[in-house]
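Biologist: Hi, I'm new to this one. Can you walk me through it?

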Amino acid sequence: MSKKDTSTDPVQTALPFPSENAEQLDISTLETWLLDAANTIRGASDAPKFKDFILPLIFYKRLSDVFDDEFAKQIAEFGDEESARGIIAADHEDALKTGRNPIVRFYIPQQYSWEELRNQPADGHLGEFVTEAMREVARLNPRLEGVLNVKDFNETQSGQRTLDEDRLEALIEVLSRHRLGLQNTEPDILGRAYEYLLRKFAEGQGQSAGEFYTPKEVGWLMARIINPEPYAMIYDPACGSGGLLIKGRLLFEQTHTDEKSQAPQIYGQELTPTTYAMAKMNAFLHDFIGADIQIGDTFRNPKFLANNATLQRFDYVMANPMWNQKEYDDDFYDNDSWQRFIFGKPPSSSADWAWVQHMHASLKDNGRAAIVLDTGAVSRGSGSKQTNRERNIRKKFVEDDLIEGVILLPENLFYNTTAPGIILLLNRSKPAGRKGEILLINLTNYFETQKPKNVLTDGGIDAATEVYNAWESLEKLSRVITLEDAQKTDYNLSPSQFVDVGDKVEHRPVNEILADLTEARITREKADNALEEVLIHFEIN
């Protein structure tokens, strides 16, 4: 197979920096193009299972195109390609030794540029070359370790290539249609397109989608409730593909357009290597280079530590941990090295309140958290004569005045369940007007029916945010309860028992109905008599 002729393809050559003629990609074009690339693998229904091949290639395309733009800038400064390439290589090596920032963000050797990938023949070695290119670029750029080098593009299953040469070549060719350089798209737009693709993959992956994706509307609601302040630190101990962290930061940038340099720093930990890679890519594509994403089991090996015995503490936590995990027992909680589970040991059937306690321990003294949990997390065990661990932990959180609110979401929003879910709001230092109170919000009616899942409406996000800021009870939406009210329900904090969103049918007393009927009958009879007198009058005349 001969190499593709790209000599007349203007979007694939290094452009002058900056270029007024550069192709500008909007969000709609990007979304359509990237979804088309994904569907090239084998159509829409099968694309999600190949996401671990597709996403690194999109990311690699961005890295290569950005390097070409920065390389073009060096050519303009130093006069020729050879000099510019030598200076970039030497600068990169020195930057690695000294720890300073290099003149290019990520160094891509010429032999591993996107054009080299595009021009490799599909002769049985294309997968090997792509894998080699990504591993070498990751080696040369330590920040990309565990991001580019996690997938073998030559892998086999039962002796057959998972992604065969022809489909890999076709995918690379579709991705070559547009540039993803600095002049072509803003990081925010590219990041939004990446999130759009993650959502499309989630739609096709069913239960497993919950491991990496929280519906974006839920994320925006959490971000608006948290509303981070300048220079804050936002943490997600189960960050998936990083969407919640990124929305917290994006909200700040959207509402503080003149203070972007004061934007919050984001910190996340993720267990699964491929999902960790997605989170890192997501942060880089949004141009959040300073995002600190770590890999590992947060419960057994938390990576954010102030010292060897103390957890690092943050201003905010935004998280959607796996619901009702069952792999932690009493021995684990008893032997915890970081004194996280001071409110009690959760049952082995659900680690929901273990996650809550880890996040509580990770908050500063004035910190706040928004945590997505199974609906049962705020009600299980209440009203039972039996001793219940979750109820007892919940009681202590209420009595210590740490729970600020609970938001009940509509059903069938999440890709791994049809259950509605709740957002638990923690506040380690409630303001004076909210002490001793808990705000319960019921959003079960604020959704649109779409396929394959319902969607939380913008009206629901606005309503919850406004009532939270106003801290008030509104019919069919919210109720502010006291700690005594919570005690009366045995610490069942489900908003549905306090906020009725149904249409109430009021029945009038029977005696009132009979009296009205009698009055109507008398009025009708008087009208009939009057009409009869008028008719008689006309007959006489």
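Modeller: Sure, with one definition up front: helices and strands here are DSSP runs numbered from the N terminus, with helices being H or I runs of at least four residues and strands E runs of at least two. Also, this is a predicted model.

Biologist: Good to know. How many cavities of 30 Å³ or more turn up in the whole structure?

Modeller: The search finds 3 of them. The largest cavity has a volume of about 90 Å³, and the second largest holds about 50 Å³ of space.

Biologist: Which element gives the largest share of the lining of the largest cavity?

Modeller: That's H2, with 4 residues. H2 and helix H10 (273–285) each supply at least two residues there. Among the lining residues are Phe-59, Arg-62, Phe-106 and Phe-284.

Biologist: And by class, how do the residues of that lining divide?

Modeller: The largest cavity's lining has 7 nonpolar, no polar and 3 charged residues.

Biologist: What about the second largest cavity, which element gives the most to its lining?

Modeller: H10, with 4 residues. The lining residues include Asp-52, Lys-151, Thr-274 and Met-281. H2 and H10 are the elements that give two or more residues to it. By class, the second largest cavity's lining has 6 nonpolar, 1 polar and 2 charged residues.

Biologist: OK, pockets next. What volume does the largest pocket have?

Modeller: About 650 Å³. It's lined by 37 residues, and Gly-210, Glu-211, Ala-238, Asn-320 and Met-322 lie nearest its centre.

Biologist: Which element supplies the largest share of that pocket's lining?

Modeller: H9, with 3 residues. H7, helix H9 (243–255) and strand E4 (265–270) each supply at least two. The pocket's lining has 15 nonpolar, 15 polar and 7 charged residues.

Biologist: Switching topic: how many of the residues of helix H6 are buried?

Modeller: H6 covers residues 165–175, and 8 of its 11 residues are buried. Leu-168, Leu-171, Ile-172 and Leu-175 are among them.

Biologist: What covers the buried residues of H6?

Modeller: The cover includes helices H1 (27–40), H2 (51–78), H4 (114–118) and H5 (126–140), along with strand E2 (160–161).

Biologist: And which residue caps the N-terminal end of H6?

Modeller: Asp-164 does, with a side-chain oxygen 3.2 Å from the backbone nitrogen of Asp-166.

Biologist: Let's do salt bridges. How many are there?

Modeller: The count comes to 33. Asp-69 forms one with Arg-179, with the closest N and O atoms 3.2 Å apart.

Biologist: Why does that pair tie together parts of the chain?

Modeller: Asp-69 lies in helix H2 and Arg-179 in the loop between H6 and helix H7 (187–203), so the pair joins parts that are 110 residues apart in sequence.

Biologist: Is Asp-69 buried or exposed?

Modeller: Asp-69 is buried, at 0% relative accessible area, and Arg-179 counts as buried too, at 1%.

Biologist: Any other pair linking distant parts?

Modeller: Glu-404 and Arg-434 meet in a salt bridge at 3.4 Å, N to O. Glu-404 sits in strand E10 (residues 403–408) and Arg-434 in the loop between strands E11 (422–427) and E12 (437–442), 30 residues apart. Glu-404 is buried at 2% relative accessible area, and Arg-434 is buried at 12%.

Biologist: Which residues are linked in a network of salt bridges?

Modeller: Asp-352, Asp-374, Arg-380 and Glu-390.

How values were computed:
Residues are numbered from 1 along each chain as its sequence is written. This is a predicted model: local features need pLDDT of at least 70, side-chain atom pairs count only at pLDDT 80 or more; totals for chains, interfaces and linings use all residues. Side-chain values use heavy atoms; hydrogens and water are left out. Buried means under 20% relative accessible area, exposed over 50%, partly exposed in between (1.4 Å probe, protein chains only). Contact means heavy atoms within 4.5 Å. A polar contact is a pair of N or O atoms within 3.5 Å; within protein, one must be able to donate a hydrogen and the other to accept it, and residues adjacent in sequence count only if both atoms are side-chain atoms. A salt bridge is a side-chain nitrogen of Lys or Arg within 4 Å of a carboxyl oxygen of Asp or Glu. On a 1 Å grid over the protein atoms alone, a cavity is a set of points where a 1.4 Å probe fits but cannot get out, and a pocket is an open set with protein on both sides within 12 Å along at least five of seven lines; lining residues have an atom within 4 Å of a point. Grid points are joined across faces, edges and corners, and a volume is the space filled by probe spheres set on the points. Ala, Val, Leu, Ile, Met, Phe, Trp, Tyr, Cys and Pro count as nonpolar, Asp, Glu, Lys and Arg as charged, and the others, Gly among them, as polar.
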